[in-house]
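Hello,

Here is the structure I promised to pass on. Please look it over, then read my notes below.

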Amino acid sequence: MAHKHLVNDPATLVVDSLKGLATLNPTIQFDETHRVVYRKNAKSRVSLLSGGGSGHEPAHAGFVGEGLLDAAVCGNIFASPNVAQIRRGVDLVTGEKGSLIVVMNYTGDALHFGLAAEQYRAKGGPGDVRVLMVGDDVAVGRQQGSIVGRRGLAGTILVYKIASALSDRGAELDAVEDVAKYATTRLGTLGVGLDHCNVPGTKAGESHLSADQVELGMGIHNEPGTSKIAIPKVSELVGEMLGRIVDTTDADRSFVDFKHDGSDEVVLLVNNLGSISELELGGITNEAVKWLDNKRIQTRRVLAGTYMTSLNMPGFSLTLLLLPRSGDKYSSQQILELLDAPASAPGWAWSSKAEPGKVGAKTQEAVAAKGREVDLAPADGTAFLDAITRACHAVIEAEPELTKQDQIAGDGDAGLTLEAGAKGILKAIKEGKLTGKNAIEDVGVIAEVVEEDMGGTSGALYSIFFAGLGKALRDEAGKGAKSTTPEVWSAAAEGALQTLYKYTRARPPSRTLVDPLEAFVAALPAKGLSAAADDAHAAADKTKELVAKAGRGAYVNQEDLKKREVPDPGAWGIWRIVDGLRGYVA
């Protein structure tokens, strides 16, 4: 449980945060006394208000802005605002067309917002004020919530986004309230947490979950969930959560009218409850769309990000909004148009306003002119592939040696990185991607493989070198070369080295891979391949004595490296590659 916080004073945290929001967004105003954030000049339409306890940021104050809320009334952390605060918010934004208050279904909010609305009506303000409570939590069954109903969760955001968009079109209060009510009947949300959150200013409690557990059905106020399970793969967890939302077999927990006949269309909201990384959230989003596709539920829109938190809770929630079917009072397109309508507020995350992309699907692409196709055949295609194969096996066999060197001189991954590239090239040969028929194409494939399979700095350097080698071979073909010769390879290697030097400042002697690489390229025209490999060996071995000017060794204690007589693993890897090429006759 994360229990460290950056605050001036827990007692002033809510006001301090709202002041920061008002600084960030100059289109809003902040009534500090009543802790109301509101839009200027909001009385010309049906106003949308929300609010509740703080600690759910960006909800609700972060959604005050054009196309969203006109006002948000903020209580203390996890505590409903009082009636006086709410009345102030209503007064600030309610005009002749009236207001709709959309809040999450919690007892305190129901009482306080309801009372404020009744007091406003009794006073006889310029327009009517109505309250809509949103309950979208499927973790609370009908029997358990028979009196209080379902809890309100992140689905509330979708309700007031849709209602606000209709209000922007000039609709009257009856119509705005009706579309909001309709949306609430088609929402299901389930949250999950790896732990509870910690309220600033309170003592950190002990975790109620073990290190390998996750809790399903958690609320946004530290309420316990309905069950604890061992942490599964995210695909299994997402499947379990969505399965509960769309289930129609459990009479106690089935709240949304899914048909499961291929006609269901949904809006998916993936919500970060506080401290799930963006990296993880992306994987969750991908698995959710995949699961829905597999169940023949069409995902028409995806929204993913931080919409409604529980302070710093390490968890997330999934919400499905079931879109209308043919014959409903609204059409699917009408709801989507309202959801896609422009909105401007700090808390509203980017959305595509389109159906999600299909990963791996074939697309029509405008193909840029590639230039003239050029053939440059190796003198002996079989010998060419044999040499590449020997070089790859040499690197794979050297992996333990390179890894040991890099554990001393770097971060320990040099051997595994080169091994991954070598295995990728061998796989390309096996799959027929390297044919031995066109040196230009084969070198291009090698460049792509090392870029994809190696990664890191080494992968980039190797890929640049081989891309430069392919370009240089194409240039040689343009000069009239019909097949590779020692002269062609020597000229191409020199061109590739110069391409590499455009993107790295390392020059010999630097205790990097360029030391043996330049030695090899320089010796190749006059000495031939085998003798050039010997020069590369000497240059790689010489790195034991050098002070690192670039690369991994530049960050390591230089005196220690000298004492241990460790060559640069990147340089040693180059030597092992060119050593494996011995015997090839261009």
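How do the residues lining the largest pocket divide into nonpolar, polar and charged? The lining holds 36 nonpolar, 3 polar and 1 charged. Please keep in mind that this is a predicted model.

**The largest pocket**

The largest pocket has a volume of about 910 Å³. Its lining comprises 40 residues. Nearest the centre lie Phe 466, Leu 469, Phe 520, Val 578 and Leu 581. Seven elements give two or more residues each to this lining: helix H9 (381-397), helix H11 (414-430), helix H12 (439-453), helix H13 (456-478), helix H14 (486-501), helix H15 (514-527) and helix H18 (569-580).

**Cavities**

There are 3 cavities of 30 Å³ or more. The largest cavity encloses about 50 Å³. Its lining is made of Leu 153, Ala 154, Thr 189, Gly 191, Met 218, Gly 219, Ile 220, Asn 271, Leu 273, Met 308 and Ser 317. By class, that is 6 nonpolar and 5 polar residues, with no charged ones.

The second largest cavity holds about 40 Å³. Around it sit Arg 301, Val 302, Leu 303, Leu 339, Asp 340, Ser 351, Ser 352 and Lys 353. Here the lining does include charge: 3 residues are charged, 3 are nonpolar and 2 are polar. Strand S11 (298-305) and helix H8 (332-340) each supply at least two lining residues. S11 gives the largest share, with 3 residues.

**Helix packing**

Two packed helices are described by the angle between their axes and the distance between the axes. I have three pairs for you.

Start with helix H2 (residues 83-93) and helix H3 (residues 107-123). Their axes are 9 Å apart, and the packing angle is about 55°. H2 and H3 are therefore oblique to each other. The crossing of H2 over H3 is right-handed. On the H2 side, the contact uses Val 83, Ile 86, Arg 87, Val 90 and Asp 91. On the H3 side, it uses His 112, Phe 113, Leu 115, Ala 116, Gln 119, Tyr 120 and Lys 123. These residues divide into 7 nonpolar, 2 polar and 3 charged.

Next come helix H4 (residues 155-168) and helix H5 (residues 173-184). Their axes come within 9 Å and cross at roughly 155°. An angle over 145 degrees counts as roughly antiparallel, so H4 and H5 are roughly antiparallel to each other. This crossing is right-handed. H4 contributes Val 159, Ile 162, Ala 163, Leu 166 and Ser 167 to the contact. H5 contributes Ala 175, Val 176, Val 179, Ala 180, Ala 183 and Thr 184. The contact has 9 nonpolar and 2 polar residues, and no charged ones.

Last are helix H16 (residues 529-542) and H18. They pack at about 165°, with axes 9 Å apart. That makes H16 roughly antiparallel to H18. The crossing is left-handed. From H16, the contact takes in Leu 529, Ala 533, Ala 536, His 537, Ala 540 and Asp 541. From H18 come Ala 571, Trp 572, Trp 575, Val 578 and Asp 579. By class, 8 of these residues are nonpolar, 1 is polar and 2 are charged. Note Val 578: this H18 residue touches H16, and Val 578 is also among the residues nearest the centre of the largest pocket.

**Backbone points to check**

Which residues are joined by cis peptide bonds? Ala 59 and His 60 are one such pair, with omega about 0°. His 60 lies in the loop between strand S3 (47-54) and strand S4 (71-77). Pro 508 and Pro 509 are also joined by a cis bond, with omega near -10°. Pro 509 sits in the loop between H14 and H15. H14 and H15 also help to line the largest pocket.

Where is Asn 222 found? The residue is in the loop between strand S8 (213-216) and strand S9 (227-230). Its phi is near 70°, a positive value in a residue other than glycine.

Best wishes

Notes:
Residues numbered from 1 in each chain as written. Predicted model: local features only at pLDDT ≥ 70, side-chain atom pairs only at ≥ 80, totals over all residues. Heavy atoms only, no water. 1 Å grid on protein atoms, 1.4 Å probe; cavity = no way out; pocket = protein on both sides within 12 Å on 5 of 7 lines; lining within 4 Å. Points joined across faces, edges and corners; volume = space filled by probe spheres on them. Nonpolar A, V, L, I, M, F, W, Y, C, P; charged D, E, K, R; others polar. Helix = DSSP H or I, 4+ residues; strand = E, 2+ residues; numbered from the N terminus. Axes fitted to C-alpha atoms, helices over the stretch in contact; angles between N-to-C directions. Parallel < 35°, antiparallel > 145°, perpendicular 65-115°, else oblique. Left-handed = near helix turned anticlockwise from the far one by under 90°. Contact = heavy atoms within 4.5 Å.
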